[in-house]
Amino acid sequence: MSVAHEEVSPADRTVGQLIADTIRLYGRTFWRGILIAIPATAFTVGAAFIDGTAGLVYGLVIGPLALGLSYLWASVVATGGRNAPGRALVAGAIAFLPLAASRVVVFAGIYFVTLAWFALVGLAVPVVLVENRGLIPALRRGVELARADFGHAFGTVAALAIVVIVSIFSLSLLLAGFGSQSISISAVLAVVVMSPLFFLGSGLLYLDQKARLESGSPRRRRRDARLHHAVEPDCAGRADAEVEPGPAARGE
């Protein structure tokens with residue numbers, strides 16, 4: 001017996017629910033998802049063979065464009081927006097520049113910085129595709145959307161990254177153990193299959209943040225809903241009425 005999936009409003013969708021919706025979306029658009037993975041996978045494979053000055057140029061120029069292209073295609077699938085794809089690609093390259101650079105420049109905390117940057121400005125890509133804004137206005141709009149609930153935005157991006165990385169590692173070992181291909185080929189196949197989850201989920205994140213921004217601050221609304229005036233000493237309102245002493249009891 002199948003259980004019907006209960007739709008959750010993007011304004012109320014949690015990180016876990018967004019990831020579940022991403023998996024469902026990927027299942028419905030699997031072959032388009034495979035195409036989404038091609039630019040990002042090509043960059044990942046190329047980065048393993050290019051080093052030195054060429055590797056630096058590759059990471060800082062080709063990398064952002066390849067990752068941005070995968071994100072652009074995923075955002076089209078997730079949101080249905082198709083406006084100004086060239087402008088959206090530039091916005092995607094800006095959003096993925098630190099992440100692509102991390103392939104050739106590594107320092108402590110680099111992955112935290114790259115994910116935080118992407119969570120802050122990455123929504124500019126679906127902004128261009130859906131709202132057809134210019135590059136600078138789209139970047140500003142992306143930051144505005146991210147700040148509507150940055151905890152949700154960063155938590156989603158970080159959770160998607162963790163899910164994809166763990167899935168790639170597990171699937172590559174599984175393919176290498178049960179197939180005749182080497183671990184390198186298995187890793188490439190795993191990247192192709194699993195990486196679309198990150199891009200599709202980031203596209204769906206635009207819908208969440210847009211709904212949160214339009215409905216006000218969800219964090220403030222949820223916090224106030226759980227408080228009672230009795231535990232808010234600074235809450236404005238009528239003070240407790242003074243109680244007049246009644247007549248003394250007989251015998252007092």
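The protein chain in this predicted model contains 11 helices and 0 strands. Begin with the whole chain in view, coloured by secondary structure: read from the N terminus, the elements run α-α-α-α-α-α-α-α-α-α-α. Of the 252 residues in the protein chain, 40% are buried. Next, display the surface: the protein chain exposes about 14,200 Å², and carbon and sulfur atoms supply 65% of that area. Contacts within the chain also deserve attention. Among those with a separation of 6 or more, 76% join residues 24 or more positions apart.

**First stop: helices α2 and α3**

Select residues 30-47, which form helix α2, together with residues 52-79, which form helix α3. How do the axes of these two helices cross? The axes come within 9 Å and cross at roughly 170°. Because angles over 145 degrees count as roughly antiparallel, α2 is roughly antiparallel to α3.

Now show the side chains where the helices meet. On the α2 side, the residues in contact include Leu35, Ile36, Pro39 and Phe43. On the α3 side, they include Tyr58, Leu67, Leu69, Trp73 and Val77. Smaller selections can be added afterwards, among them Ala40 and Gly46 in α2, and Gly59 and Gly63 in α3. By class, the contact of α2 with α3 has 16 nonpolar, 4 polar and 1 charged residues.

**Second stop: the salt bridges**

Side chains of opposite charge can pair when their charged atoms come close. The structure holds 8 salt bridges, and three of them are visited here.

Select arginine 13 and aspartate 208. The two form a salt bridge, with the closest N and O atoms 2.4 Å apart. Arginine 13 lies in the segment before α1 (15-28), and aspartate 208 lies in helix α10 (residues 196-214), so the pair ties together parts that are 195 residues apart in sequence. Are these partners buried or exposed? Arginine 13 counts as buried because its relative accessibility is 6%, and aspartate 208 is buried, with a relative accessible area of 0%.

Move next to helix α1 and select arginine 24 and aspartate 21. Their closest N and O atoms are 2.5 Å apart in a salt bridge. Both residues lie in helix α1, 3 residues apart, about one turn of the helix. Arginine 24 is partly exposed, with a relative accessible area of 33%, whereas aspartate 21 counts as buried at 12% relative accessibility.

The third pair consists of arginine 212 and aspartate 149, which form a salt bridge with the closest N and O atoms 3.1 Å apart. This pair links distant parts of the chain: arginine 212 is in helix α10 and aspartate 149 is in the loop between α7 (135-148) and α8 (150-178), 63 residues apart. Arginine 212 is buried, with a relative accessible area of 3%, and aspartate 149 also counts as buried at 3% relative accessibility. To complete this stop, select Arg13, Asp21, Arg24 and Asp208 together; salt bridges that share partners join these residues into one network.

**Third stop: two loop residues**

Finally, turn to the backbone. Select alanine 84, in the loop between α3 and α4 (85-101). Alanine 84 is not a glycine, yet it has a positive phi of about 40°. Then select asparagine 132, in the loop between α6 (124-131) and α7. What is the phi of asparagine 132? Its phi is near 55°, a positive value in a residue other than glycine. Asparagine 132 is partly exposed, with a relative accessible area of 43%.

How values were computed: Residues numbered from 1 in each chain as written. Predicted model: local features only at pLDDT ≥ 70, side-chain atom pairs only at ≥ 80, totals over all residues. Heavy atoms only, no water. Axes fitted to C-alpha atoms, helices over the stretch in contact; angles between N-to-C directions. Helix = DSSP H or I, 4+ residues; strand = E, 2+ residues; numbered from the N terminus. Parallel < 35°, antiparallel > 145°, perpendicular 65-115°, else oblique. Contact = heavy atoms within 4.5 Å. Nonpolar A, V, L, I, M, F, W, Y, C, P; charged D, E, K, R; others polar. Salt bridge = Lys/Arg side-chain N within 4 Å of Asp/Glu carboxyl O. Buried < 20%, exposed > 50% of the residue type's maximum accessible area, 1.4 Å probe, protein only. Areas by Shrake-Rupley, 256 points an atom, 1.4 Å probe, with all protein chains shown as cover.
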